[in-house]
Amino acid sequence: MVCTTDCLEKLLRLCLEKVGKFIGVHPWWFVVVPLALAGSLGWGFCFLEDRKSNDIVQQFTPIDGRAKTEKQFYKTFFPHNKEAFSSLRLNTDGVYGSLIFTSQTNALSVAALEEILWIDARVTGITIGHGKDIFSYKDICAKVSWRCHLNVLLEILDYNANNISVVNLTFPIYQHFRMGRVSLEHLLGQVEVDSTEVIQSAKAVRLFYYLQEDNDTLVDAWLNEFVHLLSNVTTSVTEVSYFTSKSRQQEFEKSTKSVTYLFAITYFIAILFSVLSCVRFDNVRNKVWVAFLGVISTGLAVLSSFGFLLLINVPFVITVASSPFLILGIGIDDMFIMISCWQQTNVLDSVEDRMAATYREAAISITITTLTDVLAFYLSYNTPFRSVQTFCLYAGTAILFCYLYNITFFGACLALNGKREEGNRHWLTCLKVPEDCPPGASKVYVSCCLGGVYNRETGTEEEHVMQKFFRKHYAPCLTTVWAKALVIIFYIIYISGSVYGCTNIKEGIDLKNLAVDQSYIVKYYEDEKEYFDHFGPNVMLAVNGTFPYWENAERAQLESCIKEFEMLTFVSNLSTSWLHSFEHYAREKAINISSGFEFKSNLKLFLQQHPFLRQDVSITNDTIVASRIFLQTSNLPSEKTMLESVRKTAQGCQTPLVVYHPAFIYYDQYAVIATNTVQTVSAATVVMLIMSLMLIPNPVCALWVTFAIASVIVGVTGFMALFGINLDSISMINLFISIGFSVDFSAHISYTFVSSTKPNTNEKVADALSHLGYPILQGALSTVLGVVVLSASVSYIFRTFFTIMFLVILFGLLHGIVFIPVFLTFTKTCSK
């Protein structure tokens, strides 16, 4: 049975055949014009520094994340109070420096506390110059009643380490005679208490130094000096890690610089591999210069595409820095396919005819893979993460330029090399050399001065040893019954492990992974996770809109909603509530607050006495338009579960409630990343199926290509999880890459299988593998070599890119030369 869908494929082959012939006639035009175009567009790199956009919140959190809207609500109704600073009530992360002191014995020993106090004195003694003025910590610190925001633990001890033996610190709440109820859960880590909740020891102490947010220049200077001071501090009793509100962003931006030097290494490796894999011992048929120029062609594509996007003001994000490594692999892969097809042409034909034949066979294959790669990236642009959008835009555009330059510039180079071969000229000297060995010639003469041998029977170049291996040994072995059975068993093991990994994948980006390995913030994050992981964020819970707080029934309904929150397993207590405090105040003063007038008039007096609680009630024109309370969380099952639970609970309450914490902006990724990834990958796979049906002249084989896409994606996702890599915006990029690469290898084999004139499926597979087995292997190795240097990167972002790319190439290669060839032998209907 024969079923074909080759209308578009035939038209495309005809067009590309004419293009190949035209380039063969006018090769120099297609060398000069692409070089001029690349030079013109490359001017866009002058704007690189201006186009860099590496803001973590902007690039690595959902664009329309719900927390960003919630943040605006809190900024509107609960603005920051400069005179009564409260870290609990910050709508943002705030501006601060932080220290974590750890001890394997007791961070609250006298010796440890003396060291902590010594460093605290040095920190608060930091001065910075600005113009002619000198500013101290007291000049720029966040203020509470015109005094710097206190580190309450040191305040409790009255800045005297010996007082630890006379102060009965209780945990997690300590009642201070002057400061009142003090929460210590975020300041002390791994605390041991006795039966009366008095602290016996703690393994960690954390201090915060909050600054005013109205002068970025002074703040940045002080925080930089803070980092400089702590990087040179030596401690003996405790270990100290440090962090600032600017650190995450500053250290993240170092990641790009950490791989800059790897580009040169990568291109050297790529050129070396390409040249060595294309070396022929025949001095005329040698493809050294062609391979070298193929790598240059890819470099021109990166230069042109990046320059073009920079010229039209497209932001440049750190994730884009990994795409040139990817483009290099794709470009070299296409180059090997074209060289392989050139070698199958008749050497006695004219260069124009050989170019036409090459384009007729190769260009359609690389057109399929280019279109699918580009579509995969452009479809993936519809994600909620700007870092992913930007990567997909740069990578997709670069692949388009790569295809353009392979068809034009590299094709022209191939034609010029063909003219050299046609004249039987030496690959290095370009002098004419004899094809046959003259009598009495030395071995040196034979090896250096002869060339132009070809297969007299077929008229094609001598078969490469690897092509011979695929034709004579690998393909016949793979098509035996026992080999097919082993391949099927191996595939079942592969897909089972992949599915198991998919069921255990974790979501979300660990913020410490945005910094390079040697960064000081890595130690801080590790200490924070180890010692302060028990207690979660203090979640804000706001009543949105006017509410009759004085009506008992309405207040009871609100209390019922609050009880719903307190019943959540991870909500430890209602940490701060202006309403409860006011109710307690009313009972003590025997005040009636059951009418609107009495409630509002007494509330005014109450809030005047409690300036911090005043920040929790938003009053406009004598009307309470919003108010908030705080929920202390602990033992979080996961950030995703916590976020979904509090939002669901708020939604289920009859009173309109808004829950928020600054960390929710980062947690929002959990709400969208899995579903968005599945949706995008599914949509891209459907489009790949349509493209395959249009361009591969057999619907059944197109279905096998689509099957390969799904299989590779499942494999990459599953093994990614088994390797401990989370599903985040970084790994999401690599999953989109896997769509394109899974098409590449399978489409090459499927297309050649369909095009084969052999009588049965086993022979068709053998024919396809003998033609493209080695080029596919070359392409896979070149891509791996293109990214292998990233394994040595000090940045998690680029190491993850390497790991997943390695999985993509490995699984894509397995499908291209093992699984799909075997599965195609079971498809009797595939013929062109």
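Which side chain does the side chain of Asn283 meet in a polar contact of 3.4 Å? In this predicted model, the partner of Asn283 is His426, and the 3.4 Å contact joins the two side chains. Asn283 sits in the loop between α10 and α11, the latter spanning residues 288-311. Asn283 counts as buried because its relative accessibility is 6%, and the cut-off for that class is under 20%.

**Enclosed space**

Rolling a probe the size of a water molecule over the atoms shows where empty space is left. When the whole structure is searched for cavities of 30 Å³ or more, 5 are found. The largest of them holds about 90 Å³ of space. Its lining is made up of 13 residues, and those closest to the centre of the cavity are Val543, Leu558, Ile562, Ser627 and Ile629. Two strands and two helices each give two or more residues to this lining, namely β11 (535-544), β14 (623-634), α19 (552-566) and α20 (578-589).

The second largest cavity contains about 70 Å³ of space. The residues that line the second largest cavity are Cys278, Arg280, Phe336, Ile339, Ser340, Gln343, His464, Gln467, Tyr774, Pro775 and Gln778. Here the elements that supply two or more lining residues are α12 (323-343) and α27 (761-788), and α12 provides the largest share, with 4 residues.

**An open pocket**

The second largest pocket has a volume of about 670 Å³. Of the 22 residues that line this pocket, Asp55, Val57, Asp93, Ser245 and Lys246 are nearest to its centre. Three helices give two or more residues to the lining of the second largest pocket: α4 (56-60), α10 (247-277) and α24 (664-695). Among these, α10 gives the most, with 3 residues; α10 is also the helix that precedes the loop in which Asn283 is found.

**Make-up of the linings**

The table sets out the residue classes for each of the three spaces described above.

| Space | Nonpolar | Polar | Charged |
|---|---|---|---|
| Largest cavity | 9 residues | 3 residues | 1 residue |
| Second largest cavity | 5 residues | 5 residues | 1 residue |
| Second largest pocket | 9 residues | 6 residues | 7 residues |

In the largest cavity, then, 9 nonpolar residues stand beside 3 polar and 1 charged, whereas the second largest cavity has 5 nonpolar and 5 polar residues with 1 charged. The lining of the second largest pocket includes 7 charged residues, together with 9 nonpolar and 6 polar ones.

Conventions
Residues are numbered from 1 along each chain as its sequence is written. This is a predicted model: local features need pLDDT of at least 70, side-chain atom pairs count only at pLDDT 80 or more; totals for chains, interfaces and linings use all residues. Side-chain values use heavy atoms; hydrogens and water are left out. On a 1 Å grid over the protein atoms alone, a cavity is a set of points where a 1.4 Å probe fits but cannot get out, and a pocket is an open set with protein on both sides within 12 Å along at least five of seven lines; lining residues have an atom within 4 Å of a point. Grid points are joined across faces, edges and corners, and a volume is the space filled by probe spheres set on the points. Ala, Val, Leu, Ile, Met, Phe, Trp, Tyr, Cys and Pro count as nonpolar, Asp, Glu, Lys and Arg as charged, and the others, Gly among them, as polar. Buried means under 20% relative accessible area, exposed over 50%, partly exposed in between (1.4 Å probe, protein chains only). A polar contact is a pair of N or O atoms within 3.5 Å; within protein, one must be able to donate a hydrogen and the other to accept it, and residues adjacent in sequence count only if both atoms are side-chain atoms.
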